[in-house]
Amino acid sequence: MNLRQSKLFFILSLLISFSYGQNPDNYKSKVWVADQGDGTYKNPILYADYSDPDVVRVGDDYFMTASSFNCAPGLPILHSKDMVNWKLINYALPEQVPVDHFSVPQHGNGVWAPSIRYHNNEVYIYWGDPDFGIYMVKTKDPFGEWEAPVLVMEAKGAIDPSPLWDDNGKAYIVHAWAGSRAGVKSLLTVHEMNADGTKVLDSGKHVFDGHENHPTVEGSKFYKRNGYYYIFAPAGGVATGWQLILRSKDVYGPYEEKVVLEQGSTKINGPHQGAWVDTPNGESWFYHFQDVDAYGRIVHLQPMSWKNDWPVMGEDYDKNGIGEPVAIHKKPNVGKSYSIVTPVETDEFDMDELGLQWQWQANPNVLWNAQFRNTDYLRLFSIKVPEESPNLWMVPNLLLQKFPAPNFSASTKVKLFPEEAESGKSAGLIIMGMDYATLTISLDKEGYYITQTEALGAIKGNAENENAKERIKSNEVYFKVTVTAPDATCQFSYSENGRNYKKIGKPFKAQPGKWIGAKVGIFSVSTQEAKRGGYADFDWFKVEPNEN
């Protein structure tokens, strides 16, 4: 991309009203900022569950995507000018495909470990769906509309794909295998593709077997440099592994191997799976994730250089020849300074579309919510939970966002309108994962009341337990949850006037979802037996620091 195109992209980012709402231009989180304001940054650069991140440079713009699994919209697109300050600008996948299959929650399925590349003036993303195969989506404008997904290779268990367009005009793709579907894992396989990158041309050749020394090798990323083909591939498991580099002069191998990043003497477990990115002046950097349980897989940035045509990452604190993650480092040299910006968390609901921070548990239905111009609330309709659902695990219309920091509070003001129903309508605040907890406003014939509930083992179909119940004077109430490190302990509280909050229920330890971190959000549901109709209006959703 040339300078003129780069500037056009930046202008478009300010002008386009996106399908899912437009981010404020200079939003700065109150709970986590990586840019230290003195020319340095601290890791993680994103304390949020942008799992399996991949990054590409286009001119002087940087674009990141990440796994989104069953959540919709999918394939988040983040943009940065300096590699440290990131803004969520778009989604490449408005709906998960196949659309009907993902109309109900498919926890842990869907978009696994994408790779993002720039080729022939277009940005491509490839991802593996472990049940359907390898997909590709592309665009000429990452800020705007992306083309419809293409199934490049139908397969069961093919995951973590990465393309490579070679100097001779040929195109290849490398991928790993999910043992849960394929029956075999710890293998990397290379296929030739057509020049357009839309179709695999052969059954593939295995180029690396990690069973002996690098179990669960996966997350493959394909590069070429100085005549070498490189496959960057994590091994050893999500929370406990290391970053492996493979190189060969032939695309099909044999490949030499070298471990270049490990936890070592640091507290950063499993540092692997990410992206090698260079700056216009030739600096190299490496993005990777760290699994921190309920907080998800958060994103780190490591300095990187080359020695004897092998990458060198982080700092070798224990002097064993393998890099370790840095906590604080000088920012990349991109030629100029840029303002601090972070992904948006707080939402005033003063636009007529949802903010980009929000995702549903399944492909969205237009009847779940409404926002109107010249209003300042979000209306969530009282959608009936699926029949025989013992809890909210399989409810698609939960509106959720990622945990944004180790310590934070989330609050909202909600007003319940049951319409003709005398009971069975509920709305509130939720901490969602394989266990979940809620603070909910409901009604019965005696009036309105709030409950604090938890569903331990929700993924197993266990029912909700009520920890506390209190009557309130009206259908309007303020809800808050505080989340506290190190183990994501959540405490709910409520207020009837928006000033004085009272704790309710008992502390709840947040748990991750299926391959994703815990999420916080809002919901509005109805029992099957209740009369149809009803809704809840949410005035705002605020993410702020915990009170001392």
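Me: Why is Arg471 called partly exposed?

Reply: Happy to explain, and keep in mind that this is a predicted model. Arg471 has a relative accessible area of 36%. Partly exposed covers the range between under 20% and over 50%, so Arg471 gets that label.

Me: What makes Arg471 and Glu446 a salt bridge?

Reply: Their side chains meet with N and O 3.3 Å apart. The cut-off is 4 Å, so the pair qualifies. It links distant parts of the chain: Arg471 is in strand β31, while Glu446 is in the loop between β29 and β30, 25 residues apart.

Me: And is Glu446 buried or exposed?

Reply: Glu446 is exposed: its relative accessible area is 69%, and exposed means over 50%.

Me: Why do Glu476 and Lys413 count as a salt bridge?

Reply: The N to O distance is 3.7 Å, and the rule asks for within 4 Å, so this pair is counted too. Glu476 sits in strand β32 and Lys413 in strand β27, 63 residues apart.

Me: What labels do Glu476 and Lys413 get for accessibility?

Reply: Lys413 has 15% relative accessibility, so it counts as buried, the limit being under 20%. Glu476, at 24%, counts as partly exposed.

Me: Which parts of the chain does the salt bridge between Arg225 and Asp309 tie together?

Reply: The closest N and O atoms of Arg225 and Asp309 are 3.0 Å apart. Arg225 lies in strand β14 and Asp309 in the loop between β20 and β21, so the pair ties together parts that are 84 residues apart in sequence. Asp309 itself is partly exposed, at 23%.

Me: How many salt bridges are there by this rule?

Reply: The count comes to 26. There is also a network of salt bridges that links Asp35, Asp82 and Lys331.

Me: How do you know that Cys71 and Cys490 are too far apart for a bond?

Reply: The sulfur of Cys71 is 17 Å from the closest cysteine sulfur, which is in Cys490. A disulfide needs the sulfur atoms within 2.5 Å, so this pair fails. The count of disulfides comes to zero. Both cysteines are buried, Cys71 with 2% and Cys490 with 0%.

Me: Why is His79 called buried?

Reply: His79 has 6% relative accessibility, and buried means under 20%, so the label fits. This residue lies in strand β4.

Me: What makes the pairing of His79 with Asp61 a polar contact?

Reply: Their side chains come to 2.6 Å, and the cut-off for such a contact is 3.5 Å. Further along the sequence, His79 is also in contact with residues including Trp86 and Phe143.

Terms used
Residues numbered from 1 in each chain as written. Predicted model: local features only at pLDDT ≥ 70, side-chain atom pairs only at ≥ 80, totals over all residues. Heavy atoms only, no water. Helix = DSSP H or I, 4+ residues; strand = E, 2+ residues; numbered from the N terminus. Buried < 20%, exposed > 50% of the residue type's maximum accessible area, 1.4 Å probe, protein only. Polar contact = N/O pair within 3.5 Å; in protein donor to acceptor, adjacent residues only side chain to side chain. Contact = heavy atoms within 4.5 Å. Lists of a residue's contacts leave out its neighbours within four places in sequence.
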